[in-house]
Amino acid sequence: QVQLVESGGGLVQPGGSLRLSCAASGSILSFNVMGWYRQAPGKQRELVATITSGGHTKYADSVKGRFTISRDNAKNTMDLQMNSLKPEDTAVYYCNAEVYDIWNRVVLDAWGQGTLVTVSS
């Protein structure tokens, strides 16, 4: 069973930066896609950014140009560098990893427990 553990959340002022990290219990080489999602109070969970095993990235429009997703296969980690943070970025951020079979069906969909990011002055 894959375990994902997020870290790096906290309180930051508007305009500040935070770096979130997601550590996997084993190798992430088999993860076809890894991503960060977030859920603000009273809202649905939404996609923040994803990165494929080949390094292709995708970002929500709301974070483009401010957030950068990366993965380190040697360290079994995935990071999210968040710059120019805004109050509306306040949410619990979740790490996700998916594995697909040869028919492109999801055979593994793992989630971390979440880490809280609060952007406030």
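Author: A pocket here is an open set of grid points with protein on both sides within 12 Å along at least five of seven lines. With that in hand, let us walk through this predicted model.

Reader: Happy to. How much space lies in the largest pocket?

Author: The largest pocket holds about 160 Å³.

Reader: And what makes a residue part of its lining?

Author: A lining residue has an atom within 4 Å of a point of the pocket. Ten names appear in this lining: Arg38, Ala40, Lys43, Gln44, Glu46, Ser62, Arg66, Glu88, Asp89 and Ala91. By class, six of the lining residues are charged, two are polar and two are nonpolar.

Reader: Let us stay with Asp89. Why is Asp89 called buried?

Author: The cut-off for buried is under 20% relative accessible area. Asp89 has 0% relative accessibility, so it counts as buried. It sits in the loop between strand 8 (77-82) and strand 9 (91-100). Leaving out residues up to four places away in sequence, Asp89 touches Arg38, Arg66, Phe67, Ser84, Val117 and Val119.

Reader: Good. What makes Asn104 exposed?

Author: Exposed means over 50%. Asn104 reaches 58% relative accessibility, so it counts as exposed. You will find Asn104 in the loop between strand 9 and strand 10 (106-111). Its phi is positive, about 65°, although Asn104 is not a glycine. Asn76, in the loop between strand 7 and strand 8, is also not a glycine and has a positive phi near 60°.

Reader: Now Thr77. How do you know that Thr77 is buried?

Author: Thr77 has a relative accessible area of 17%. Buried means under 20%, so Thr77 is placed in that class. Thr77 belongs to strand 8. Its contacts, not counting residues up to four places away in sequence, are Ser21, Cys22, Ala23, Ile28, Arg71 and Asp72.

Reader: On to the sheet with the order 1-3-8-7. Why is one side of strand 1 and of strand 7 left without a neighbour?

Author: This open sheet has four strands, paired antiparallel. Strand 1 (4-7) and strand 7 (67-72) are at its edges and have a single partner strand each, so one side of each has no neighbour in the sheet. On average, neighbouring strands here are turned by 15° against each other, direction ignored.

Reader: How do you know that strand 1 and strand 3 pair?

Author: Pairing requires at least two bridges. Strand 1 and strand 3 (residues 18-24) have four bridges, in the antiparallel sense, so they count as paired. One of the partnerships to look for is Ser7 with Ser21 of strand 3.

Reader: Which side chains of strand 1 are buried?

Author: Leu4 and Glu6, which point to one face; Val5 and Ser7 point to the other face and are not buried. In a regular strand, side chains alternate between the two faces of the sheet.

Reader: Last one: what makes strand 4 mostly covered?

Author: Of the seven residues in strand 4 (residues 33-39), five are buried. Strand 4 pairs antiparallel with strand 5 (residues 46-52) over six bridges, and Arg38 has Glu46 as its bridge partner in strand 5. Six residues lie between the strands of this hairpin, where Gly42 takes a positive phi near 80°. Strand 4 is also joined to strand 9, running antiparallel, by seven bridges. In that pairing, Val33 has Glu98 of strand 9 as its bridge partner.

Notes
Residues numbered from 1 in each chain as written. Predicted model: local features only at pLDDT ≥ 70, side-chain atom pairs only at ≥ 80, totals over all residues. Heavy atoms only, no water. Helix = DSSP H or I, 4+ residues; strand = E, 2+ residues; numbered from the N terminus. Axes fitted to C-alpha atoms, helices over the stretch in contact; angles between N-to-C directions. 1 Å grid on protein atoms, 1.4 Å probe; cavity = no way out; pocket = protein on both sides within 12 Å on 5 of 7 lines; lining within 4 Å. Points joined across faces, edges and corners; volume = space filled by probe spheres on them. Nonpolar A, V, L, I, M, F, W, Y, C, P; charged D, E, K, R; others polar. Buried < 20%, exposed > 50% of the residue type's maximum accessible area, 1.4 Å probe, protein only. Contact = heavy atoms within 4.5 Å.
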